[in-house]
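I opened this notebook to record what I looked up in one structure. The entries are brief and follow the order of my reading.

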Amino acid sequence: MARYNEKEYKTVINKSKFVTNWFWNKYSINVYAGCQFGCIYCDSRSIRYNLPEDFANEIYIKKDIDQILDNTIRRSRTMLPDVVIFSGVTDPYQHSERIYRNTRKCLKVLHSYGYPVHIITKSPFVLEDLDLLNEIATKTWCTITVSVATTDEKIAKVIEPRAASPEHRFGIIKKIKERYPNLQAGINMTPIVPFLCDNEDNLKAVVQTSKDVSADYMLFGGMTLQDRQAEYFLNQLEKSYPELPEKFKALYKDSYEPLDKNYTINLNKKIVKLSSDIGISNNIQRYIPSDYREMNYRIAEKLFSEAELSRNLNKEWKNCYWAAQNINNLDKSILDIAKQGELKSIRNVNQDIIQKIQSFIDKTA
């Protein structure tokens with residue numbers, strides 16, 4: 001039984017120096033601390049997040065969260081509207097949301113200020129906010145991502161013991177697209193748990209089912225293991241799959257990610273090919289502001305997409321990625337910089353990227 005503790009916080013929204021090109025967020029809000037879904041692989045248990053050790057049962061409720069958020073945005077001179085993600089380390093629609101409605105309170109504030117929103121959840125309860133989320137999408141931008149690691153109900157019950165079944169989670173996307181076909185929504189197959197979720201049948205099933213429910217995209221990512229997260233995961237895993245902990249220890253060998261780089265490379269290649277064959281994107285169509293950042297974001301999106309594909313195919317990607325980040329963070333329009341012949345002054349923008357930028361500008365002019 002979860003224990004709810006109301007707690008006062010000075011700040012409730014975080015700003016990132018760099019945009020996350022998977023989720024496109026510049027800001028993040030964790031409306032609760034702790035998560036009742038208790039997924040055994042969750043990296044939020046790691047020490048760096050400084051969350052309660054009894055992560056799934058000790059839930060902290062952020063008091064007056066909407067007032068604090070409103071005051072922060074109203075007083076800020078530098079917080080340009082950009083994507084706010086719910087949430088980095090907790091599900092915004094866990095059971096506590098039915099009581100406290102912190103997520104909906106924040107959504108109303110963000111809507112009033114014209115901020116775009118990205119929801120990541122495993123809960124059908126998000127459907128109760130579709131009216132508001134669709135209003136946000138109409139005014140600015142919104143996308144809803146539902147996390148599904150496997151279609152196997154038995155495996156899901158072990159690794160995600162309190163979350164809705166995979167079938168119900170795919171059903172969330174189907175209902176969203178039926179009710180609001182223009183509201184962007186997709187699946188996130190993260191983490192892909194080694195030895196349980198990384199086989200060909202499961203990968204194909206998740207990608208195909210994503211397509212079948214009309215998801216706009218299907219994201220994917222590997223699994224990390226570190227400190228408290230690793231200890232908890234391996235202990236829980238041993239109860240249902242006693243043969244697997246030693247295999248995980250051999251694959252990770254105390255590293256954050258699988259030590260065998262070929263494992264990750266081959267996994268990425270499989271999913272990229274499956275997605276291409278089935279016909280579903282691995283990218284979210286990003287929010288594009290209507291101010292000086294418009295062309296910067298469009299060009300950055302193109303470069304981010306190219307870098308991500310290269311990374312998944314084990315090709316050189318870092319320079320393209322950082323060029324995209326630096327373009328994304330410009331404090332003036334890249335059109336003005338191009339007119340002045342100063343594109344080379346942007347960090348990581350080499351001659352090859354200059355040609356791509358100029359070609360994109362010429363096509364959209």
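The entries below cover the sheets, the aromatic rings, the charges over rings and one pocket.

**Entry 1. Basis**

I note that this is a predicted model, in which local features need pLDDT of at least 70 and side-chain atom pairs count only at pLDDT 80 or more, while totals for chains, interfaces and linings use all residues. Residues are numbered from 1 along each chain as its sequence is written, and side-chain values use heavy atoms, with hydrogens and water left out.

**Entry 2. The sheet of seven strands**

I took helices (H or I, at least four residues) and strands (E, at least two) as DSSP runs, numbered from the N terminus. Two strands pair if DSSP finds at least two bridges between them. I looked up an open sheet of seven strands and found the order E2-E3-E6-E7-E8-E9-E10, with mixed pairing. E2 and strand E10 (218–220) are at the edges with a single partner strand each, so one side of each has no neighbour in the sheet.

I then followed the pairing from E7 to E10. E7 pairs with strand E8 (residues 142–147) in the parallel sense, over five bridges. Isoleucine 119 has isoleucine 144 in E8 as its bridge partner. E8 and E9 are also joined by five bridges and pair in the parallel sense; here threonine 143 is opposite glutamine 184 in E9. E9 and E10 run parallel and are joined by three bridges, with methionine 189 opposite phenylalanine 220 in E10.

How many residues of strand E9 (residues 184–189) are buried? I found six of the six to be buried, so E9 is largely enclosed by the rest of the structure. Buried stands for under 20% relative accessible area, exposed for over 50%, and partly exposed for the range in between (1.4 Å probe, protein chains only). In a regular strand, side chains alternate between the two faces of the sheet. In E9 both faces are covered, with Gln184, Gly186 and Asn188 buried on one side and Ala185, Ile187 and Met189 buried on the other.

**Entry 3. The sheet of three strands**

I also looked up an open sheet of three strands, which has the order E1-E5-E4 and mixed pairing. Strand E1 (3–7) and E4 are its edges; each has a single partner strand, so one side of each is left without a neighbour in the sheet. E4 runs antiparallel to strand E5 (residues 58–62), and two bridges join them.

Tyrosine 32 belongs to strand E4 (residues 32–33) and is opposite isoleucine 61 in E5. Is tyrosine 32 buried or exposed? Tyrosine 32 counts as buried, at 1% relative accessibility. I checked its separation from asparagine 348: the two are 316 residues apart in sequence and 38 Å apart in space, C-alpha to C-alpha.

**Entry 4. Aromatic pairs**

I searched the whole structure and obtained twelve aromatic pairs. Rings of Phe, Tyr and Trp (its six-membered ring) pair if their centres lie within 6.5 Å; planes under 30 degrees apart count as stacked, over 60 as edge-to-face and the rest as tilted. One pair is phenylalanine 18 with tryptophan 322, edge-to-face at 5.1 Å centre to centre and 80° between the planes. Phenylalanine 18 is in the loop between strand E2 (14–15) and strand E3 (27–28) and tryptophan 322 is in helix H12 (residues 318–328), so this pair ties together parts 304 residues apart in sequence. Phenylalanine 18 is partly exposed at 28% relative accessibility, and tryptophan 322 is partly exposed at 34%.

Tyrosine 93 and phenylalanine 125 form another edge-to-face pair, with 5.9 Å centre to centre and 80° between the planes. Tyrosine 93 lies in the loop between strand E6 (84–86) and helix H2 (97–100), and phenylalanine 125 in the loop between strand E7 (117–121) and helix H4 (130–139), 32 residues apart. Tyrosine 93 is buried at 1% relative accessibility, and phenylalanine 125 is buried at 4%.

I also recorded a cluster in which ring pairs link Phe18, Trp24, Phe304, Trp317, Tyr321 and Trp322.

**Entry 5. Charges over rings**

A charge sits over a ring if NZ of Lys or CZ of Arg is within 6 Å of the ring centre and within 35 degrees of the ring normal. The charged end of arginine 286 is over the ring of tyrosine 297, 4.1 Å from its centre. Lysine 62 is over the face of tyrosine 9, 4.8 Å from the ring centre.

**Entry 6. The second largest pocket**A pocket is, on a 1 Å grid over the protein atoms alone, an open set of points where a 1.4 Å probe fits, with protein on both sides within 12 Å along at least five of seven lines; lining residues have an atom within 4 Å of a point. I found about 290 Å³ of space in the second largest pocket. It is lined by 14 residues, and the closest to its centre are Tyr9, Asn30, Ala33, Leu51 and Lys62.

Terms used. Grid points are joined across faces, edges and corners, and a volume is the space filled by probe spheres set on the points.
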